[in-house]
Amino acid sequence: MIRFDNVTKIYPKQNRPALRDVSLDIERGEFVFLVGSSGSGKSTFLRLMLREERATHGQVHVLGKDLNRLSNWKVPQMRRQLGTVFQDFRLLPNKTVGENVAFALEVIGKPRGQIRKTVPEVLDLVGLAGKQDRMPGELSGGEQQRVAVARAFVNRPMLLIADEPTGNLDPQTSVGIMKLLDRINRTGTTVIMATHDQQIVDQMRRRVIELEKGLLVRDQSRGVYGYQH
Amino acid sequence: MRAQFIFSEIGVGLRRNLTMTFAVVVSVALSLALFGSALLLNKQVDVMKGYWYDKVNVSIFFCNKADQETSKNCGKGAVTKQQKDVIKADLDKMPLVETVTYESSQEAYKHYKEQFGDSLLASSLTPDQMQESYRIKLTDPTKYEVVASAFADRPGVQEVQDQRNLLKNLFELLRNLNFAAVFIMALMLVVALMLIVNTVRVSAFSRRRETGIMRLVGASSLYIQVPFIMEAAVAGLLGAGLACVLLVAGRYFMIDNGMNLAEKLPLINFIGWDQVIRVLPLVLAVGLLMPAVAAFVALRKYLKV
């Protein structure tokens with residue numbers, strides 16, 4: 001599903017690599033937490049998977065494709081097979097909830113009939129049935145993140161990448177979002193989530209990958225947030 | 001790709017940047033109007049040059065029957081075959097002369113008709129009113145005087161004419177006008193292109209949220225770029241349309257009405273509507289494509305895809 005082979009990423013004009021010689025495998029259907037302090041390389045790790053950046057050395061394979069060799073015009077096709085969720089939701093404020101989700105399908109040219117059928121289904125799945133015509137501004141943070149998850153999942157991606165999806169939410173709301181991501185994971189979608197939320201990582205007991213100053217320092221199959229000494 | 005989606009995006013983009021769009025439309029209109037004027041000035045020069053202008057340097061016109069009263073050189077009546085043969089033989093002997101072509105009055109009539117068409121003057125003319133002539137090409141065009149002094153006083157010769165001098169000043173003026181038009185056009189074009197680049201930049205910035213999301217969900221780069229490019233193309237097309245109106249109005253007010261040059265300068269043959277209309281599609285095409293290409297180039301820089 002995902003393989004990093006000795007991946008090093010050095011940004012231009014910076015001496016210290018953002019990622020240093022990272023190698024790992026993530027299998028289909030896994031749920032993986034990516035932890036580490038700010039500047040540890042989590043974001044770079046995610047950006048490499050999304051092909052927003054290219055590795056300086058080494059190879060990144062996502063969904064069976066070598067991203068270093070993937071030509072630019074094939075990148076959109078690749079991104080359609082993965083969903084992304086961010087801390088700041090990234091919804092369009094002037095579109096309704098339904099339109100925000102539909103937008104993801106519109107811009108990849110899905111037929112209108114299919115959009116009209118799929119959007120309510122996926123909103124129902126994330127627990128926002130009946131809120132299709134509300135504006136994002138009228139919703140709570142947790143609900144807005146559910147819209148973002150719905151948009152990420154509406155394509156039924158093989159892989160869902162979440163960058164601190166609970167970073168802006170209170171603990172109780174976060175639990176709701178995690179339950180949703182867990183449910184999506186159970187449908188067979190691989191989920192990779194970067195987070196600072198210790199409680200959630202400790203509760204879920206899933207695979208934890210920890211980065212520190214660009215190095216892979218821990219990879220536990222049923223891990224917790226911090227080291228236990 | 002869904003047309004309706006794209007068109008609504010274009011409308012939103014153009015309205016959001018109304019002042020900038022207006023500036024683009026006006027600058028494109030002015031530069032294209034100048035572009036069209038330059039083309040038309042060139043055509044005007046072509047039309048005025050007539051059949052012989054680029055082919056010969058000197059023309060020796062012979063007397064015809066009608067000249068007997070009107071021209072003092074032709075007191076002895078129309079030119080005879082013998083007189084022409086002597087001149088031809090002398091011309092052939094001159095090393096300065098490259099070629100000599102004989103134009104009969106029939107041919108002269110034909111060329112005149114071609115140039116002036118159905119103007120008032122041309123329709124009252126008959127073939128035997130036209131003069132026979134030798135059209136001479138010189139090895140050195142500046143040595144016109146040699147031919148003029150040698151043949152001007154020959155019997156049967158009505159006039160020796162330096163073909164180029166005739167319209168030289170006028171053509172120089174037109175050429176300078178043309179240069180000025182092209183220069184200002186180039187300047188306006190640069191302004192227009194810079195405005196388009198800036199419009200695209202502002203547009204891309206104000207829509208970075210949408211385009212960012214489009215990128216994430218896997219919209220193709222073409223799909224993301226097309227609304228921006230179409231926006232520039234629509235503004236350019238509006239400008240080109242305005243330029244076409246300016247050109248048509250210019251032809252109308254300068255030649256037909258207003259300044260009414262056609263009546264004031266009856267001896268000059270002006271470009272017709274067909275030539276103006278033939279320029280318009282070119283103006284429209286340039287107005288459509290140039291901003292689109294400029295926007296495309298600007299997007300490389302300002303829109304990450």
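## A buried alanine, two helix pairs and the cores of a predicted model

With 21 C-beta neighbours inside 10 Å, A204(B) counts as buried, because the threshold for that class is 20 or more. The model described here is a predicted one, and A204(B) offers a convenient place to begin reading it. The residue A204(B) belongs to helix 8 of chain B, which covers residues 163-206. Once residues up to four places away in sequence are set aside, A204(B) touches T211(B), F228(B), L299(B), Y302(B) and L303(B). For one of these partners the separation is also known along the chain: A204(B) and L303(B) are 99 residues apart in sequence, yet their C-alpha atoms are 6.2 Å apart in space.

Two helix pairs can be described next, one in each chain. Two packed helices are described by the angle between their axes and the distance between the axes. The table gives these values for both pairs.

| Helix pair | Axes come within | Crossing angle | Handedness |
|---|---|---|---|
| Helix 10 (residues 221-256) and helix 12 (residues 273-302) of chain B | 7 Å | roughly 155 degrees | right-handed |
| Helix 3 (residues 97-106) and helix 5 (residues 141-153) of chain A | 8 Å | roughly 30 degrees | right-handed |

In chain B, the axes of helix 10 and helix 12 cross at roughly 155 degrees, and this angle makes helix 10 of chain B roughly antiparallel to helix 12 of chain B. The contact of helix 10 of chain B with helix 12 of chain B has, by class, 25 nonpolar, 4 polar and 1 charged residues.

In chain A, the axes of helix 3 and helix 5 cross at roughly 30 degrees, and the two helices are therefore roughly parallel to each other. Helix 3 of chain A brings V97(A), N100(A), V101(A) and A104(A) to this meeting, while helix 5 of chain A brings V147(A), A150(A) and R151(A). Sorted by class, the residues of the contact of helix 3 of chain A with helix 5 of chain A are 5 nonpolar, 1 polar and 1 charged.

Both V101(A) and A150(A) reappear in the largest nonpolar core, which has 70 residues and in which L34(A), V101(A), A150(A) and L160(A) touch the most other members. A second, separate core has 46 residues, among them A33(B), A181(B), A192(B) and L193(B). Leaving out neighbours within four places in sequence, L34(A) is in contact with K42(A), F45(A), I192(A), M193(A), A194(A) and I209(A).

How many of the 8 residues of helix 1 of chain A are buried? The count is 6 of the 8, so helix 1 of chain A (residues 42-49) is largely enclosed by the rest of the structure. Those buried residues are K42(A), T44(A), F45(A), L46(A), L48(A) and M49(A). Just after helix 1 of chain A, R51(A) takes a positive phi of about 60 degrees.

Positive phi values also occur elsewhere in chain A. Most residues other than glycine have a negative phi. N6(A), in strand 1 (residues 2-9) of chain A, nevertheless has a phi near 45 degrees, and with 12 C-beta neighbours inside 10 Å it counts as exposed. K13(A), in the loop between strand 1 and strand 2 of chain A, has a positive phi of about 65 degrees, and with 5 C-beta neighbours inside 10 Å K13(A) is likewise counted as exposed.

Definitions and conventions:
Residues numbered from 1 in each chain as written. Chains lettered and ligands numbered in written order. Predicted model: local features only at pLDDT ≥ 70, side-chain atom pairs only at ≥ 80, totals over all residues. Core = buried A, V, L, I, M, F, W, Y, C linked by C-beta atoms within 7 Å. Contact = placed C-beta atoms within 7 Å. Axes fitted to C-alpha atoms, helices over the stretch in contact; angles between N-to-C directions. Helix = DSSP H or I, 4+ residues; strand = E, 2+ residues; numbered from the N terminus. Parallel < 35°, antiparallel > 145°, perpendicular 65-115°, else oblique. Left-handed = near helix turned anticlockwise from the far one by under 90°. Nonpolar A, V, L, I, M, F, W, Y, C, P; charged D, E, K, R; others polar.
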